[in-house]
Amino acid sequence: MSSVEDRESIRETLARYCHSIDDGRWDEFESLWTGDASMEFAGRHVEGRGEILTFMQKAMPEHMRGRHLTTNSVIEIDHDRAYVTSDFLWVGPDGEGGTRQTTGRYRDVLTCDAERCWSFARRHIELDGGR
């Protein structure tokens with residue numbers, strides 16, 4: 001794959017993450033991660049594809065789903081690894097009949113291997129202002 005094709009594939013993986021959570025397509029969400037992936041979010045460290053899936057299903061039940069938007073992605077590719085920093089906005093229900101917004105930054109490591117090109121190996125989610 002060329003650098004342009006890699007970057008487009010990485011952007012598609014980032015988008016699939018958002019769409020799969022927002023739509024509750026959990027099989028697709030799980031397929032975006034390597035088997036030994038890790039995720040850090042709000043002081044929690046989660047290891048393994050299955051554990052990440054379980055964590056996100058609990059964090060995003062159907063009545064709390066909204067829309068994720070990912071933008072301003074800076075992508076650095078080093079052979080079979082990509083280091084990506086992106087800003088995000090999540091808009092969804094606040095659990096009390098209103099709406100809330102959360103902004104932050106994703107810091108990702110994606111890998112390209114024989115199983116799937118490109119998959120999340122690590123995602124660190126930083127929230128702005130503790131929201």
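Begin with the whole chain, coloured by burial: of its 131 residues, 37% count as buried (under 20% relative accessible area with a 1.4 Å probe, protein chains only; exposed is over 50%, and partly exposed lies in between). This is a predicted model, in which local features need pLDDT of at least 70 and side-chain atom pairs pLDDT 80 or more, while totals for chains, interfaces and linings use all residues. Residues are numbered from 1 along each chain as its sequence is written, and side-chain values use heavy atoms, without hydrogens and water.

Switch next to a cartoon view. The chain contains three helices and six strands, arranged along the sequence as α-α-β-β-α-β-β-β-β. These elements are DSSP runs numbered from the N terminus (helices: H or I, at least four residues; strands: E, at least two).

Reduce the display to the C-alpha trace, which spans about 45 × 30 × 25 Å along its principal axes.

Now select residues 3-23, which form helix 1. This helix has 21 residues and reaches 30 Å from its first C-alpha to its last, close to the 30 Å expected at 1.5 Å a residue (1.5 Å times one less than the number of residues). Show the side chains of D6, S9, I10, T13, L14, Y17, C18, S20, I21 and D22, which are buried. An α-helix has 3.6 residues a turn, so residues three or four places apart point the same way.

Move on to G24, which follows helix 1 and has a positive phi, near 65°.

Finally, select the charged side chains: 17 are positive and 25 negative (Lys and Arg against Asp and Glu, with His and the chain ends not counted). The centres of the two sets lie 3 Å apart, with each charge placed at NZ of Lys, CZ of Arg, CG of Asp or CD of Glu.
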